[in-house]
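Welcome! Please take a moment to look over the sequence and the model before reading on.

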Amino acid sequence: METEKKTQATAELTDMDLSEQIKKVTKDSHVRAEKTELMMSFQRGQVTLSQYKLLLSSLYEIYQALEEEMDRNSNHPGVAPIYFPAELARLESIEKDLEFFYGQDWREKIVVPAATKRYSHRLRQIGRENPELLLAHAYTRYLGDLSGGQVLGRIAQKSMGLKSNEGLSFFAFPGVSSPNLFKQLYRSRMNSVELTEEQRNAVLEEAVRSFEFNIQVFDDLQKMLSVTENQLQSSSTHSKSVTLQIPGAATNMSSLLRMVLGLFVALATVSMGIYVF
Ligand code: HEM
């Protein structure tokens, strides 16, 4: 009975175009991504500046890897049909936004969690070894951005109290006049990619993995924020030495974190001094 059901499901999936299959196999992952704390903050209109800055920093690392690998493989038969740098590329917009939020020396200030490093590492690996799998990642990010982008951009602007569109270039696609029509074109290009059955299954698996990477990034960012907030709270209620531990081993400790850490050490030193005398 169970086997029958499975065979039926596989047969249904085989009859579909790639764009339909990919949407179907990632449906549950999409629901999980929507329910992450970070995405819930967006949906409640409560995204904070710290959340958004950390998210942008990770998006920088992710899009840098994705777009470098897409550029390098732009003539690959699995990439060429879905290669739309003029319409979709996000890296320059993210750089502009990071400069707005962090200042000119943003490169020295941004922090990303280990999950982001794992995601970008995977992108570079498949760019080298199986470029046709880049389609799965391009789909997850770009169609996601095109679907929710406009709405999320307005929510972000309102939640963070920004007066203009400054800092929000990530959400704007000046090269796409109708996101819905563009998504249709993109889907038809996805469907035109020639893949063996094995490659098609690998693309579908990679799409699910791609959502998983995004979910892990969102969860890690949230953990980083709550650790920083908890540490700040406990340092103001108990004046004792604390070690700043970020789950997922954040890399590139920013000067902001260094400053916070310095503040803890200074507080601990002062309080020990008061205690001793
Ligand atoms: C605030 C959270 C989110 C909301 C409210 C949301 C909502 C939506 C909506 C309404 C659509 C259009 C569905 C349709 O055309 O049938 C969509 C599509 C999509 N979203 Fe999301 N989304 C969210 C987060 C995400 C995230 C985090 C990702 C990936 C990292 C993502 C990836 C996608 C993709 C790839 C599509 C295109 C589906 C397709 O047509 O094949 N979404 N989303």
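Here is a short tour of the ligand, its surroundings and the confidence of the model.

This is a predicted model, with an ipTM of 0.98 and a pTM of 0.84. A good place to start is the ligand, whose space is the largest pocket. Helices α3, α4 (37–43), α10 (134–159), α11 (179–192) and α12 (197–237) each give two or more residues to the shell around the ligand.

**The iron atom**
- The protein offers the ligand's iron atom a single donor, NE2 of His30, at 2.1 Å.
- To find His30 in the structure, look in helix α3, which covers residues 27–34.

**Around the ligand**
- The ligand is surrounded by 17 residues, and the closest are Lys23, His30, Tyr139, Ser147 and Arg187.
- Helix α10 supplies the largest share of this shell, with six residues.

**Polar partners of the ligand's oxygen atoms**
- Tyr139 has a polar side-chain atom 2.5 Å from an oxygen atom of the ligand.
- In the side chain of Lys23, an N or O atom is 2.6 Å from an oxygen atom of the ligand.
- For Arg187, the distance from a polar side-chain atom to an oxygen atom of the ligand is 2.8 Å.

**How confident is the model?**
- The average pLDDT of the protein is 85, and 78% of the residues score at least 70.
- Residues 238–277 have a pLDDT under 50 throughout, and the model gives them 45 contacts beyond four places in sequence.
- Predicted coordinates should not be read in detail where pLDDT is low.

Technical notes
Residues are numbered from 1 along each chain as its sequence is written. This is a predicted model: local features need pLDDT of at least 70, side-chain atom pairs count only at pLDDT 80 or more; totals for chains, interfaces and linings use all residues. Side-chain values use heavy atoms; hydrogens and water are left out. Donors are N, O and S atoms within 2.8 Å of the metal (3.2 Å for Na, K and Ca); water is not among the atoms, so sites may look incomplete. Helices (H or I, at least four residues) and strands (E, at least two) are DSSP runs, numbered from the N terminus. pLDDT is the predictor's confidence in each residue, from 0 to 100. Contact means heavy atoms within 4.5 Å. A residue is near a molecule or strand if one of its heavy atoms lies within 4 Å of it. A polar contact is a pair of N or O atoms within 3.5 Å; within protein, one must be able to donate a hydrogen and the other to accept it, and residues adjacent in sequence count only if both atoms are side-chain atoms. On a 1 Å grid over the protein atoms alone, a cavity is a set of points where a 1.4 Å probe fits but cannot get out, and a pocket is an open set with protein on both sides within 12 Å along at least five of seven lines; lining residues have an atom within 4 Å of a point. A molecule sits in a cavity or pocket if more than half of its atoms lie within 2 Å of its grid points.
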